[in-house]
Amino acid sequence: DEHVQVFAIHGMDHETQSAGHWDPLYGMLKSIGSFSTFDAPGYGESTVKSYFKSIPRFVGALGLYEVMKDRGIEDASSGKRVVLVARGWGAEVVMGLLREYEEMRDVDFRFIFIAPTPEFKFFHSFLKEIFKTAKGLLIWAEDDPVVPVNYRKYVKKQMPEMEEVVLRGISSHYPETAYPGTVSDAILTYMKRQ
């Protein structure tokens, strides 16, 4: 759909995370709309991680903002629906975008967070208001060795309107790369209802 822009934000894992993290889901994400990803500076295996390591939260948000502006999304006036797909720490980049760039808060977003691990100590009151009614999807593996069930419940409580999919029988912190077909099905099922 030409009116849907999809941006994928990788996580912070120092072994595997970069823009290429989304390669297994590329075809599916592209089928939703115009698709973009970027190397979030200071995150994972991004190309400039050593320089920005001390300030990745702000730099990741700035990078996402610049990529979105480059695609014609500077505020809600673009008239486009924006799907932000983020895994792990990438959810913090999304929250940083909304913290730092007030004009982005009224964009028609759909959030798809895969095993999100944002820092809730930076979850300011306006973010609580945004995510209280935010539309989107939370995806978790049933047995995530990094994210305990209590944390999943806490995230869901902070984002009560977002749908939640727990991938039964799957043990992984990276279900999008370990089980790309299963994650693709969950995302496409959700997006068809939007």
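**Salt bridges, core and surface of the predicted fold**

With a relative accessibility of 31%, Glu163 counts as partly exposed, since that class covers the range between the buried limit of under 20% and the exposed limit of over 50%. The structure looked at here is a predicted model, and Glu163 is a handy place to start on its charged contacts. Its side chain forms a salt bridge with Arg193, and the closest N and O atoms of the two are 2.2 Å apart. This pair links distant parts of the chain, 30 residues apart: Glu163 sits in strand E6, while Arg193 belongs to the segment after helix H8 (180-192). Arg193 is partly exposed as well, at a relative accessible area of 46%.

Searching the whole structure turns up 10 salt bridges. One of them joins the side chains of Arg87 and Glu176, with an N to O distance of 2.9 Å. Arg87 comes from strand E3 (residues 81-87) and Glu176 from helix H7 (residues 175-178), so this contact ties together parts that are 89 residues apart in sequence. Both partners, Arg87 and Glu176, are buried.

Strand E6 also turns up in the contact between Arg168 and Glu142, whose side chains meet in a salt bridge at 3.6 Å, N to O. Here again distant parts of the chain are linked, with Arg168 in strand E6 (residues 163-171) and Glu142 in strand E5 (residues 136-143), 26 residues apart. Arg168 counts as exposed, at 60% relative accessibility, whereas Glu142 comes out as partly exposed, at 36%. Elsewhere, salt bridges join up into a network that takes in Arg81, Asp108 and Arg110.

Stepping back to the overall layout, the protein's secondary structure adds up to eight helices and six strands. Going along the sequence, these elements follow the pattern β-α-β-α-α-β-α-β-α-β-α-β-α-α. The protein has 194 residues, and 51% of them count as buried.

As for the nonpolar interior, the largest core has 37 residues, and the ones with the most contacts inside it are Met68, Leu84, Phe111, Phe113 and Phe131. Several elements each supply at least two residues of this core: strand E1 (4-9), helix H3 (56-70), E3, H4, E4, helix H5 (125-132) and E5. Helix H4 gives the most to the core, with six residues.

How much of H4 is buried? The count is 10 of its 11 residues, so H4 is largely enclosed by the rest of the structure. The buried stretch starts with Gly90, Ala91, Glu92, Val93 and Val94, and carries on through Met95, Gly96, Leu97, Leu98 and Arg99. Charged side chains are thus part of the list too, as Glu92 and Arg99 are among the buried residues of H4.

Past helix H4, attention turns to the surface. The loop between helix H4 (90-100) and strand E4 (108-114) holds Glu103. This residue is partly exposed, with a relative accessible area of 32%; that figure is over the 30% needed for patch membership. Together with Glu74, Glu102 and Asp106, Glu103 forms a negative surface patch.

Note on methods:
Residues numbered from 1 in each chain as written. Predicted model: local features only at pLDDT ≥ 70, side-chain atom pairs only at ≥ 80, totals over all residues. Heavy atoms only, no water. Patch = residues over 30% accessible without salt bridge, like charges linked within 9 Å, V, L, I, M, F, W, Y side chains within 5 Å. Areas by Shrake-Rupley, 256 points an atom, 1.4 Å probe, with all protein chains shown as cover. Salt bridge = Lys/Arg side-chain N within 4 Å of Asp/Glu carboxyl O. Lys, Arg positive; Asp, Glu negative; His and termini not counted. Charge placed at Lys NZ, Arg CZ, Asp CG, Glu CD. Helix = DSSP H or I, 4+ residues; strand = E, 2+ residues; numbered from the N terminus. Buried < 20%, exposed > 50% of the residue type's maximum accessible area, 1.4 Å probe, protein only. Core = buried A, V, L, I, M, F, W, Y, C linked by side-chain atoms within 4.5 Å.
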